[in-house]
Amino acid sequence: MTRYARRFFSALGLSAILAAGAAQAEDKKVSIVDDRGVTVEIPAQPKRIASISYFADDVALALGIKPVASTYMTAGREPDFLLGLTSGMKQIGQRAKPNLELLSEAKPDLIIAIRRYTVGNSAQLQNIAPYVAYNMELLEESYSESAALSKLLGKPERGEQLNADFRKHLAEFAAKVPKDKHPRFLIMWGGATPFAFHTENTSASIVAAIGGDNVPGPKTPGGEFGIDLSLETMLEKDPEVIFVYDSGPDRPHESNPIWSQLSAVKNNRVFYVGDQWVETNGPIAREIVLREAAHYLYPNTFPAVDVKAEAAKLIPAELQN
């Protein structure tokens, strides 16, 4: 065999070894325990992420990773806080009822889902790809969930940094709020009987952390993160600022004559807020909610917020183009 041939086959053998090593790395599995308390084996290096909720989109984009599939909150509305980048992902239905056939077509190797909407069909999801479910309800969970998902996606340091940055920003905003003002506020889904959120809920926790007084108050131990709140009760508590999750043009609460008697309504301090207020547990959403809440509560102290401009600071430029 000539010297050239020996070099050729030696190089070929090295390439084969490297390729085999890469394949083994891709085949490697890691085990994690999700918020269901279920142990899930996932790829050590997941490449194709599907998000049931905006949480995984939020975390992944902040890490410089674009998921392949996503549910939506409202059909045809791409969220500004994610720069509309979900339009480039396969749409797999509304977050409360994802289309499993469309999800399968996306060929994910990891599904990140909101627990309460998917636990009932967890077996079907697991048949498509490893399925990890998070609660996505409370501010303390925001820190743990963001860190856990960042680790799953191979960027644990960045996840910890995003958490540290938000804690710092939350403290900085809280230090600047007027000390003599504690506006009564309410965060709600609209409806004939609105559904309002207790203080531990992520968006409500952020507003409370900067001086707001949440009308529904804290949740009972082991209780739900929200409560049906009649307009009669709402009038009794009389919030000064109301945040309404904007789910479209259907607003039956506005037809109730009590609605017009509320101080927030009389003073034009009812704000129909974007999807970041619903899906607040990711690092992009919570930063934007903090800034919006500060402005809505204290408009003379904090400036109005350009949602897309704030999102662009957190999503790497290469994903924006």
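**Exercise 1. Find which backbone nitrogens lie close to a polar side-chain atom of Asp109, and place Asp109 in the fold.**

*Solution.* Start with Arg48: in this predicted model, its backbone nitrogen lies 2.9 Å from a polar atom of the Asp109 side chain.

Next, look one residue back. The backbone nitrogen of Lys47 is 2.7 Å from a polar atom of the side chain of Asp109. With a cut-off of 3.5 Å for polar contacts, both distances can be read against that limit: 2.9 Å for Arg48 and 2.7 Å for Lys47.

Now place the residue. Asp109 sits in the loop that links helix 3 (100–105) to strand 6 (110–114).

Finally, widen the view to its other partners. Setting aside neighbours within four places in sequence, Asp109 is in contact with Pro43, Gln45, Pro46, Lys47, Arg48, Ile49, Ala129 and Pro130. For a sense of scale, try Thr199: this residue is 90 positions from Asp109 along the chain, and their C-alpha atoms are separated by 36 Å.

**Exercise 2. Two residues other than glycine, Ser53 and Lys107, have positive phi. Is each one buried or exposed?**

*Solution.* Take Ser53 first. Its phi is near 115 degrees, and its place is the loop between strand 3 (49–52) and helix 2 (55–62). The relative accessibility of Ser53 is 1%, so Ser53 counts as buried.

Then turn to Lys107, with a phi of about 55 degrees. Lys107 belongs to the loop between helix 3 and strand 6, the loop that also holds Asp109. Here the relative accessibility is 60%, and therefore Lys107 counts as exposed.

**Exercise 3. Work out which residues touch the most other members of the largest nonpolar core, and which helix gives the most to this core.**

*Solution.* The core has 78 residues, and the ones touching the most other members are Ile112, Phe243 and Ile284. Helix 11 (residues 283–297) is the top contributor, with 8 residues.

Let us follow Ile112 a little further. Beyond residues up to four places away in sequence, Ile112 touches Ile49, Ala50, Ser51, Ile52, Phe55, Ala56, Val132, Tyr134, Leu149 and Leu152. There is also a second, separate core of 14 residues; Met188, Ala196, Met234 and Ala264 are among them.

**Exercise 4. How many residues of helix 8 are buried, and which are they?**

*Solution.* Helix 8 covers residues 202–209, and 6 of its 8 residues are buried, leaving the helix mostly covered. The buried ones are Thr202, Ser203, Ala204, Ser205, Ile206 and Val207.

A useful reminder goes with this pattern: an α-helix has 3.6 residues a turn, so residues three or four places apart point the same way. In helix 8, the buried residues run from Thr202 through Val207. To finish, look past the end of the helix: helix 8 is followed by Gly211, with a positive phi near 100 degrees.

**Exercise 5. Put together a picture of the whole protein: what are its elements, span, burial and charge?**

*Solution.* Begin with secondary structure: 13 helices and 13 strands. The C-alpha trace spans about 95 × 40 × 35 Å along its principal axes.

Burial comes next. Of the 321 residues, 49% are buried. The accessible surface is about 15000 Å², and carbon and sulfur atoms account for 51% of that.

For the contacts, consider those with a separation of 6 or more: 63% of these join residues 24 or more positions apart.

Last, count the charges. There are 34 positive and 39 negative side chains, with the centres of the two sets 8 Å apart.

Terms used
Residues are numbered from 1 along each chain as its sequence is written. This is a predicted model: local features need pLDDT of at least 70, side-chain atom pairs count only at pLDDT 80 or more; totals for chains, interfaces and linings use all residues. Side-chain values use heavy atoms; hydrogens and water are left out. Helices (H or I, at least four residues) and strands (E, at least two) are DSSP runs, numbered from the N terminus. Buried means under 20% relative accessible area, exposed over 50%, partly exposed in between (1.4 Å probe, protein chains only). Contact means heavy atoms within 4.5 Å. Accessible areas come from the Shrake-Rupley method with a 1.4 Å probe; for residues, only the protein chains shown count as cover. Lys and Arg count as positive and Asp and Glu as negative; His and the chain ends are not counted. The place of a charge is taken as NZ of Lys, CZ of Arg, CG of Asp or CD of Glu. A polar contact is a pair of N or O atoms within 3.5 Å; within protein, one must be able to donate a hydrogen and the other to accept it, and residues adjacent in sequence count only if both atoms are side-chain atoms. A nonpolar core is a set of buried Ala, Val, Leu, Ile, Met, Phe, Trp, Tyr and Cys residues joined through side-chain atoms within 4.5 Å.
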